[in-house]
Amino acid sequence: MDGKLTDNDMDQLEQWIGTGPKTFKLLYAITRDGCIPTTFHQKCDNQGPTVTVLYNPQGSVYGGYVQVSWNSNEQWMNDTSAFLYQLRFNGNEKPNKFPIKSGNSQNALFCNSSYGPLFGYGNDLRTFQNTVNSSGIYFALNGHMNIGYSYDNKGVTADQINNGHMNVTELEVYKVEDGKRSKPIKKEHLKPWRKIKSWNEQFLNELTEDIVSFKPIPDLKVTDARILIIGPVGAGKSSFFNTINSIFRGRITQKARSGSAEQSLTTAYTQYKVKVKSGAPLNFRLCDTRGLEESQGLDVFECNYLLDGNIPNYYQFNPTTQITPKTPGFIACPTADDVIHCAVFVLDASTLEILTSKIIEKMKAFQNIMNQKGIPQIILLTKVDKLSKEVEQDVSLVFKSPEVEEHVGKASQLLGLPRANVLPIKNYENEEELDENISILALLALRKILNFAEDFMDHMMDKKEEEQRGTEKLKSEN
Ligand SMILES: Nc1nc2c(ncn2[C@@H]2O[C@H](COP(=O)(O)OP(=O)(O)OP(=O)(O)O)[C@@H](O)[C@H]2O)c(=O)[nH]1
Ligand SMILES: [Mg+2]
């Protein structure tokens, strides 16, 4: 459950605390957990800085912030950063901060297992003692407000804060931590930063049909478009195949092993085919690789072999021994069918900032050979659900999320690819059932990948025709 505190309230509290951006995590709420002192202490003791917020039936909102942790040791605690505050009075904005008086900070908060939050020696704000039951509409707290003793009330009386009573519809305690909050998305107002047709079943069907009907250029004698999936350990490479496979199987599948480990979970090169429910195979292969590691694993030589189609399906990557033409199964004379037609770099959006320069350099070196061969490149930006609460709850908001937009920009800069080549996705990872929005996003990415692969095949076709013309010309000249 999210609390009642609004983003503007958090902005205001963050400004009053005054030590940079803050996140607010709901620890305790009387409507959810009961107005019971021991429950308050169970949930809020030893949690570091917290803010207590009271909401009353008249629409007044007020409370207290303490930097030190609550505890149950029957003691007054010293806190020079503590303050009481009001945010609204009778539903109107009335922001006021009431700081702890200098010289009174040793009595900033009282920690006792029979009390809820209690601020100030004069009971500047005492919330409740022992269990208080709800009237059904509100909780008539048995505390009171005598502001001005330990906290500087700046001429504002208790009545002007709590309407002269301690009835509340809610009392919440939030843990306050350093960090940037994701900004809420106002669904109706925000213009998408990338436009897509719509988020509905019809669009999902349209995407599905486009992908099912995808066929490589017949003259090229290529049966499948081969998509190389490459990227750091744990980025979601295998999960992407699982996501696509799930969509076409009509249920969640876990054919490729996925999970979290320090080293890559995927150890074999696997060119996955995807089949529709009836069993008919689709005309592409998602070629899953071992995750990139700093000092071992896939290197430029191996990448070159992968791109040229020299590496056989099910080849067991050996992080310490390089593949060479002498390796068993090495495909010495690959055909147009074996080569890679599109390369997909999979990057975890939530760890983009901490990618090491060695890994980035490695990917750039791979890009160099891809560029020489003219192979199109795409970035799949996974785990966008981790960037924003809103997107986590509703994946259809990706193209409205400023966080996702920002990370798409970062990823595009990182590998020097156009922003349009960066495709945000959320893989199936914890879901029991398919979800229309997750599927649309994944298929949108796959359709673009297949379009790019087709462009490359077009290019191969042009080259082939050019070569044929060249040989015919030579023949006629001789
Ligand atoms: N929240 C979230 N988790 C994801 C997403 N994609 C993958 N994961 C999780 O991330 C972890 C790693 O995913 P994998 O698919 O195994 O990653 P990989 O790139 O194949 O990793 P290696 O094979 O080990 O290199 C798994 O626990 C997945 O469940 C996503 O979009 N959102
Ligand atoms: Mg994997």
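This report describes the domains, strands, helices and ligand surroundings of a predicted model.

## Two domains

The protein chain is divided into domain 1, which covers residues 7-178, and domain 2, which covers residues 201-474. Between the C-alpha centres of domain 1 and domain 2 there is a distance of 51 Å.

## Strand pairs around β12

Strand β12 (residues 170-178) pairs with strand β1 (residues 22-29) in the antiparallel sense, and seven bridges are found over this pairing. Within the pair, A29 stands opposite E172 in β12.

Strand β2 (residues 50-55) is also joined to β12, here by six bridges, and these two strands run antiparallel. The bridge partner of T50 in β12 is K175. As a general point, strands of a sheet pair through backbone hydrogen bonds, in either a parallel or an antiparallel way.

## The six-stranded sheet

An open sheet is built from six strands in the order β14-β15-β13-β16-β17-β18, and its pairing is mixed. Strands β14 (270-275) and β18 (422-424) stand at the edges with a single partner strand each, so one side of each is left without a neighbour in the sheet. On average, and ignoring direction, neighbouring strands of this sheet are turned by 25° against each other.

At the β18 edge, strand β17 (residues 377-382) runs parallel to β18 and is joined to it by three bridges. In this pairing, L380 stands opposite L423 in β18. Helix α11 (residues 436-477) lies across β13 (225-230), β15 (281-288), β16 (342-348), β17 and β18, and α11 runs at about 150° to β16.

## Two helices that cross

Helix α7 (residues 300-308) and helix α8 (residues 357-373) have axes that come within 9 Å and cross at roughly 35°, and this crossing is right-handed.

On the α7 side of the contact are V300, C303, N304 and L307, which meet A365, F366, I369, M370 and K373 in α8. Sorted by class, the residues of this contact are seven nonpolar, one polar and one charged.

## The surroundings of ligand 1

There are 23 residues around ligand 1, of which G236, S239, S258, T266 and G291 come nearest. Helix α6 (residues 237-249) gives the most to this shell, with three residues. Divided by class, the shell around ligand 1 holds twelve polar, six charged and five nonpolar residues.

Technical notes:
Residues are numbered from 1 along each chain as its sequence is written. Chains are lettered from A and ligands numbered from 1 in the order in which they are written. This is a predicted model: local features need pLDDT of at least 70, side-chain atom pairs count only at pLDDT 80 or more; totals for chains, interfaces and linings use all residues. Two strands pair if DSSP finds at least two bridges between them. Helices (H or I, at least four residues) and strands (E, at least two) are DSSP runs, numbered from the N terminus. Axes are lines fitted to C-alpha atoms, for helices over the stretch in contact, and angles run from 0 to 180 degrees between N-to-C directions. Two residues are in contact if their C-beta atoms, placed from the backbone, lie within 7 Å. Domain bounds come from an automatic or database domain assignment. A residue is near a molecule or strand if its C-beta atom, placed from the backbone, lies within 6 Å of it. Ala, Val, Leu, Ile, Met, Phe, Trp, Tyr, Cys and Pro count as nonpolar, Asp, Glu, Lys and Arg as charged, and the others, Gly among them, as polar. A crossing is left-handed if the near helix is turned anticlockwise from the far one by less than a right angle, and right-handed if clockwise.
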